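Visitor: Could you take me through the cysteines of this protein, close up, and then show me how they sit within the rest of the fold? I work with force fields, so please be explicit.

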Amino acid sequence: MSTDAMTSAKTKSRMNVRQMAQMGMLAAISVVLMLFDIPLPFAPAFYEIDFSEVPVMVGCFTMGPLAGAVIEFLKILLNFAINGTDTAGVGELSNFLIGCSLVVPAAIIYKKKRTRAGAVLGMVTGTAFMTVVGCFLNAFVLLPTYAKAFGMPMDALIGMGAAVNGCITNLTTFAIFAVAPFNLLKGFLVSVIVLLIYKKISPILKNCM
């Protein structure tokens, strides 16, 4: 192997190590942010917004959609290791898919159009996609799983929603009036925060790569 090839390989290896370290750091920050939950007036108490997707989105925009998915996976894995699970991993898998449905489409669009408009379009698309995915997974996977895990009938969960939102009368209206607004609001807030901080943080991350 020539000297130039060896130098290039070493440089690439160092970049990969730094990138993995950054992904781990962003995942750890995400786990910390998961501790700060904000309850919502239109949804049951077990729906609380956190800003753990902000570091994931920043990583996505800086390192690409695949890196964002890895950060999301590490975030879920770290949280699982710290707090365990009540759903045999079903909740964690669903949360991974919902998180990826926000950040990955946003990063794919931003990768093709690296402008503020591209970032906004990506995050709007990601928010819309996350809302659809979130409604589907909550209605058909998460809510039934939690009901079984805690020994509660589905009617009891729906009743918890109806107690804070009179528009909720069944599983469909639960998804429409609780899950959809929850995901829309989360996507909007995460997007606004990322827009405000990304340009200030991205040079730091890029210089460390």
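Guide: Happy to. A search of the whole structure, which is a predicted model, finds zero disulfides. Take C60 to begin with: C60 is in no disulfide, and the nearest cysteine sulfur belongs to C100, 7.7 Å away. The view from C100 matches, since C100 is likewise in no disulfide and has the sulfur of C60 as its nearest cysteine sulfur, at 7.7 Å. A disulfide is a covalent bond between the sulfur atoms of two cysteines. The cut-off used for such a pair is 2.5 Å, and the separation from C60 to C100 is 7.7 Å.

Where do these two side chains lie, then? C60 has a relative accessibility of 2%, so C60 counts as buried. C100 has a relative accessibility of 12%, and because of that value C100 counts as buried too. The threshold behind both statements is under 20% relative accessible area.

Now let me widen the view. Of the 209 residues in the protein, 43% are buried. The protein has seven helices and two strands, and along the sequence they follow the pattern α-β-β-α-α-α-α-α-α. Among contacts with a separation of 6 or more, 71% are made by residues 24 or more positions apart.

Helix α6, residues 154-164, shows how burial can be arranged in one element: L157, I158 and G161 are buried there. Seen down the axis of α6, these buried residues fall within an arc of 95 degrees, so they line one face of the helix. D155 and A163, on the other side of α6, are exposed. As a reminder of the geometry, an α-helix has 3.6 residues a turn, so residues three or four places apart point the same way.

Finally, the outside. The accessible surface of the protein comes to about 10,900 Å², and carbon and sulfur atoms account for 72% of that area. One nonpolar patch on this surface, of about 330 Å², is made by V32, L35 and F36. L35 sits in the loop between α1 (3-33) and β1 (38-39). With a relative accessible area of 62%, L35 is exposed, whereas C60, at 2% relative accessibility, is buried.

To come back to your request: C60 and C100 both count as buried, and the search of the whole structure finds zero disulfides.

Conventions:
Residues numbered from 1 in each chain as written. Predicted model: local features only at pLDDT ≥ 70, side-chain atom pairs only at ≥ 80, totals over all residues. Heavy atoms only, no water. Buried < 20%, exposed > 50% of the residue type's maximum accessible area, 1.4 Å probe, protein only. Helix = DSSP H or I, 4+ residues; strand = E, 2+ residues; numbered from the N terminus. Contact = heavy atoms within 4.5 Å. Areas by Shrake-Rupley, 256 points an atom, 1.4 Å probe, with all protein chains shown as cover. Patch = residues over 30% accessible without salt bridge, like charges linked within 9 Å, V, L, I, M, F, W, Y side chains within 5 Å. Salt bridge = Lys/Arg side-chain N within 4 Å of Asp/Glu carboxyl O. Arc of directions from axis to C-beta.
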